[in-house]
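Hi,

Here is the structure I promised to pass on. Have a look at it first, and my notes on what turned up follow below.

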Amino acid sequence: MKFIHTADIHLGAAPDSGMPWAADRGSELWETFYRLLDKAEKSNVELLLIAGDLFHRQPLKRELKELNYRFSQLTHTRIVIVAGNHDYIGTQSFYKDFEWADNVVFFRKNHISYVYIASLNLVVYGMSYDRQEITEAMYDQLRPMRRLKDGRPLPEGCRHILLAHGGDSRHIPINQDKLRQAGFDYVALGHIHKPWIDDRSPMAYAGALEPIDRNDEGIHGYIQGILSDKETKIEFVPFAERSYITLNAEVTPDMTMRQLAESVKGLLGQCGRQNMFQIVIEGFRDVDFELDEGMLMRLGRVLSVRDHSVPDFDFQHLYEENQNNIIGMYIRQISEMDISDELKAKALGYGMKALLETR
């Protein structure tokens with residue numbers, strides 16, 4: 001059986017609010033998810049697992065209708081969904097009584113239940129959030145069932161998948177050791193936005209399909225797998241349209257602002273101009289150099305500029321002029337420390353910058 005495991009789609013989010021490109025980012029979340037549905041259809045994927053936070057907030061009814069239509073167009077795929085802490089099933093949620101297409105299973109209960117999918121000879125276990133925070137460890141004692149609730153034995157070769165959203169103290173703490181020993185054929189996790197595959201058991205976080213904010217750095221995508229009678233094989237597939245990247249740019253004492261901007265522009269091109277960047281300026285700059293953050297912000301999808309550079313002081317001259325005050329004492333103490341020249345240079349630079357700014 002071929003399956004796709006995704007999570008944390010966050011439809012309805014508006015990433016990078018206030019930035020010039022922000023208007024497109026919300027629609028890109030929908031477009032990437034629809035690309036994933038197209039991928040499932042073309043690849044004859046039999047099962048799509050959505051491990052919570054399909055929406056960033058309570059979904060609108062028209063949004064559910066649009067999504068449900070797209071789900072209904074899949075000819076080979078069964079879809080199983082749980083609600084997470086962002087799209088929890090509140091008292092006024094349209095999730096409560098929405099009628100999904102025949103190929104969709106949505107876990108509405110706030111406690112663990114299961115669905116047996118006869119066509120796949122598969123049991124999927126899951127629960128949805130009914131509030132933003134759940135601090136109980138809901139999955140620690142869960143084990144695959146041997147019989148259906150009506151007492152009938154499960155068919156030979158039946159497989160078991162747990163679909164779970166959580167993993168921190170406020171959102172269903174997850175004991176990974178207990179899940180490893182529970183005996184599931186696959187544990188499909190959501191809530192943590194960075195992808196992670198366990199190296200000791202068939203368990204994984206798919207991570208966010210698209211990065212949602214500047215903290216979601218790194219590669220994003222989904223998990224694809226094959227579930228057979230003997231084993232579960234899974235792999236991570238990069239799929240996101242864009243990435244958030246922290247870009248370190250080096251400034252030198254002989255650089256002008258224009259030269260620094262040209263250097264940063266080249267780095268942006270190397271990393272992909274479709275991505276979003278946080279630029280960190282490092283190194284030593286001329287004492288009279290003035291950083292023009294606006295010039296760098298206009299070079300592309302730049303979210304912020306942080307200046308970690310330090311002026312390239314003439315420490316010998318400063319020491320000779322300040323031997324009897326705190327500046328001279330600081331230069332002398334750092335110079336006598338048993339540390340590397342690189343660390344000593346940074347300590348002198350940062351410290352002198354702070355001392356001179358407070359004079």
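Strands β5 (113–117) and β6 (122–126) run antiparallel to each other and are joined by five bridges. Within that pairing, Ile-117 sits across from Leu-122 of β6. When I say strand or helix, I mean DSSP runs numbered from the N terminus: E with at least two residues for strands, H or I with at least four for helices. Two strands count as paired if DSSP finds at least two bridges between them.

Before you read on: this is a predicted model, where local features need pLDDT of at least 70, side-chain atom pairs count only at pLDDT 80 or more, and totals for chains, interfaces and linings use all residues. Residue numbers start from 1 along each chain as its sequence is written, and side-chain values use heavy atoms, with hydrogens and water left out.

Back to the sheet. It is an open one with six strands, in the order β5-β6-β7-β8-β10-β9, and its pairing is mixed. β5 and β9 (196–197) are the edge strands, each pairing on one side only.

Elsewhere, β13 (244–251) pairs with β14 in the parallel sense, over eight bridges. Leu-247 has Ile-279 of β14 as its bridge partner. Eight of the 10 residues of β14 are buried, so the strand is largely enclosed by the rest of the structure. Buried here is under 20% relative accessible area, exposed is over 50%, and partly exposed is in between (1.4 Å probe, protein chains only).

After β14 (276–285) comes a loop leading to α5 (293–297), and Asp-288 is in it. Asp-288 is exposed, at 65% relative accessible area. It belongs to a surface patch of negative charge, along with Asp-286, Glu-290, Asp-312, Asp-314, Glu-320 and Glu-321. Patch members have over 30% relative accessible area and no salt bridge, and like charges are joined within 9 Å. For the charges, Asp and Glu count as negative, placed at CG of Asp or CD of Glu.

Now the salt bridges, meaning a side-chain nitrogen of Lys or Arg within 4 Å of a carboxyl oxygen of Asp or Glu. The count is 17. Which one would I look at first? Probably Asp-16 with Arg-25, where the closest N and O atoms are 3.3 Å apart. Asp-16 is buried at 10% relative accessible area, and Arg-25 is buried too, at 0%.

Asp-38 and Arg-70 form another salt bridge, at 3.2 Å from N to O. That pair links distant parts of the chain, since Asp-38 is in helix α1 (22–42) and Arg-70 is in helix α2 (61–72), 32 residues apart. Both are partly exposed: Asp-38 has 35% relative accessibility, and Arg-70 has 23%. Asp-16, Arg-25, Glu-28 and Arg-242 are also joined into one network by salt bridges that share partners.

Last, some backbone oddities. Most residues other than glycine have a negative phi. His-10 is not a glycine, yet its phi is positive, about 60°. His-10 lies in the loop between β1 (2–6) and α1, and is buried at 1% relative accessibility. Asp-53 also has a positive phi, about 55°, without being a glycine. Its place is the loop between β2 (47–51) and α2, and Asp-53 is buried as well, at 1%.

Cheers

Terms used: Patches are made of residues with over 30% relative accessible area and no salt bridge: like charges are joined within 9 Å, nonpolar side chains (Val, Leu, Ile, Met, Phe, Trp, Tyr) within 5 Å. Accessible areas come from the Shrake-Rupley method with a 1.4 Å probe; for residues, only the protein chains shown count as cover.
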